[in-house]
Amino acid sequence: MSQWVHFPSAGEFQYTTTSLKKAWAQLHAGDCEPLPKASGPLQAWVHFHNGAFEAAVNVGLEAGGSGINAANKATCLYANHLEPCDQKRLSLYREAADRAQMLQQQDPENANAWYLEAHALGRYSQGVSVGLALAEGLGSRVRKALDTTLKLTPHHADAHLALAAFHAEVIHKVGVLIGGLTYGAKKDAGHKHYRSAMALNPHSAATLIEYANGLVMLDGEHRRPEALALLQQAAALTPLDAAQRLEVNLATLELAA
């Protein structure tokens with residue numbers, strides 16, 4: 001594995017296994033990841049929440065189980081926010097998606113094995129262009145993984161958010177008619193899943209940012225004032241871990257732009 005860029009706010013978060021257990025429910029309100037019982041996967045999540053993303057991957061893959069989810073989530077977060085090389089970023093997303101698919105085969109009831117495949121492929125699709133990804137058939141793979149996630153865990157806020165983004169991005173790229181007929185993308189479904197994500201995890205910067213972008217993609221520029229208000233809410237949040245710090249920073253950058 002080549003050198004990874006360090007988390008820029010290293011030391012801001014210093015979770016231990018003990019303190020992470022106490023904060024677990026709040027930190028995982030979005031993905032509903034169960035608290036690991038084994039020490040290896042739990043340590044991988046400690047690294048993730050503290051911003052040691054490369055360590056989270058290494059420890060998580062060695063530990064297996066929930067540790068693989070930690071590794072995949074760390075990979076996607078790092079690739080999205082910190083990796084400067086476009087080709088490496090895309091490669092990291094595909095690696096995470098492939099590992100998630102392997103975990104599904106080992107543990108088909110693991111909701112986040114399905115969600116993280118969809119999340120990784122969704123990020124990959126954004127990187128290569130949504131239109132090209134749809135032509136490659138990745139849209140159906142993302143949709144299947146998200147539908148499975150929600151069958152296993154109906155209150156999975158991040159899966160609702162990702163499914164909303166699927167509807168929004170397809171419609172934004174190919175239009176309402178083709179999006180609906182070819183890919184099953186619907187404006188009403190997009191709004192419904194955004195509302196579900198907001199209801200389930202309203203204090204998440206990621207949720208607020210994605211909803212802000214989705215409003216404009218689904219409805220056009222007249223929703224821009226509402227989108228800016230959502231970004232302002234996200235930028236004003238106090239982050240509880242490294243992932244939230246990166247999302248709050250992103251909201252601040254989007255407002256500045």
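In what order do the elements of the protein run from the N terminus on?

**Figure 1. Overall view of the predicted model.** From the N terminus on, the elements run α-α-α-α-α-α-α-α-α-α-α-α-α-α. The secondary structure comes to 14 helices and zero strands. Along its principal axes, the C-alpha trace spans about 50 × 40 × 35 Å. A compact globule of 257 residues would have a radius of gyration near 18 Å, and the protein, with 17 Å, agrees with this. Buried residues account for 52% of the 257 residues. Take the contacts between residues at least 6 apart in sequence: 61% of them join residues at least 24 apart.

**Figure 2. Close-up of helices α1 and α2.** Two packed helices are described by the angle between their axes and the distance between the axes. Helix α1 covers residues 17-27, and helix α2 covers residues 39-50. Their axes come within 11 Å. They cross at roughly 70 degrees. The range from 65 to 115 degrees counts as roughly perpendicular, so α1 and α2 are roughly perpendicular to each other. On the α1 side, the contact is made by T17, L20, K21, W24 and L27. On the α2 side, it is made by L42, Q43, W45, V46 and H49. The residues of this contact divide into six nonpolar, three polar and one charged.

**Figure 3. Close-up of cysteines C32, C85 and C76.** A disulfide is a covalent bond between the sulfur atoms of two cysteines. How many disulfides does the count come to? The count comes to zero. To be counted, a pair of cysteine sulfur atoms must lie within 2.5 Å. For C32, the closest cysteine sulfur is in C76, 18 Å away, which is too far for a bond. For C85, the closest cysteine sulfur is also in C76. That distance is 16 Å, again too far for a bond. C32 is partly exposed, at 26% relative accessibility. C85 is partly exposed as well, with a relative accessible area of 36%.

**Figure 4. Close-up of R143 in helix α8.** Helix α8 covers residues 138-152 and holds R143. R143 has 24% relative accessibility, so it counts as partly exposed. Which residues does R143 touch, not counting residues up to four places away in sequence? They are L163, F166, H167, Y183 and G184. A25 offers a reference point elsewhere in the chain: R143 and A25 are 118 residues apart in sequence. In space, R143 and A25 are 27 Å apart, C-alpha to C-alpha.

Definitions and conventions:
Residues are numbered from 1 along each chain as its sequence is written. This is a predicted model: local features need pLDDT of at least 70, side-chain atom pairs count only at pLDDT 80 or more; totals for chains, interfaces and linings use all residues. Side-chain values use heavy atoms; hydrogens and water are left out. Axes are lines fitted to C-alpha atoms, for helices over the stretch in contact, and angles run from 0 to 180 degrees between N-to-C directions. Helices (H or I, at least four residues) and strands (E, at least two) are DSSP runs, numbered from the N terminus. Angles under 35 degrees count as roughly parallel, over 145 as roughly antiparallel, 65 to 115 as roughly perpendicular and the rest as oblique. Contact means heavy atoms within 4.5 Å. Ala, Val, Leu, Ile, Met, Phe, Trp, Tyr, Cys and Pro count as nonpolar, Asp, Glu, Lys and Arg as charged, and the others, Gly among them, as polar. Buried means under 20% relative accessible area, exposed over 50%, partly exposed in between (1.4 Å probe, protein chains only). The radius of gyration is taken over C-alpha atoms; the globule rule is 2.2 Å times the number of residues to the power 0.38.
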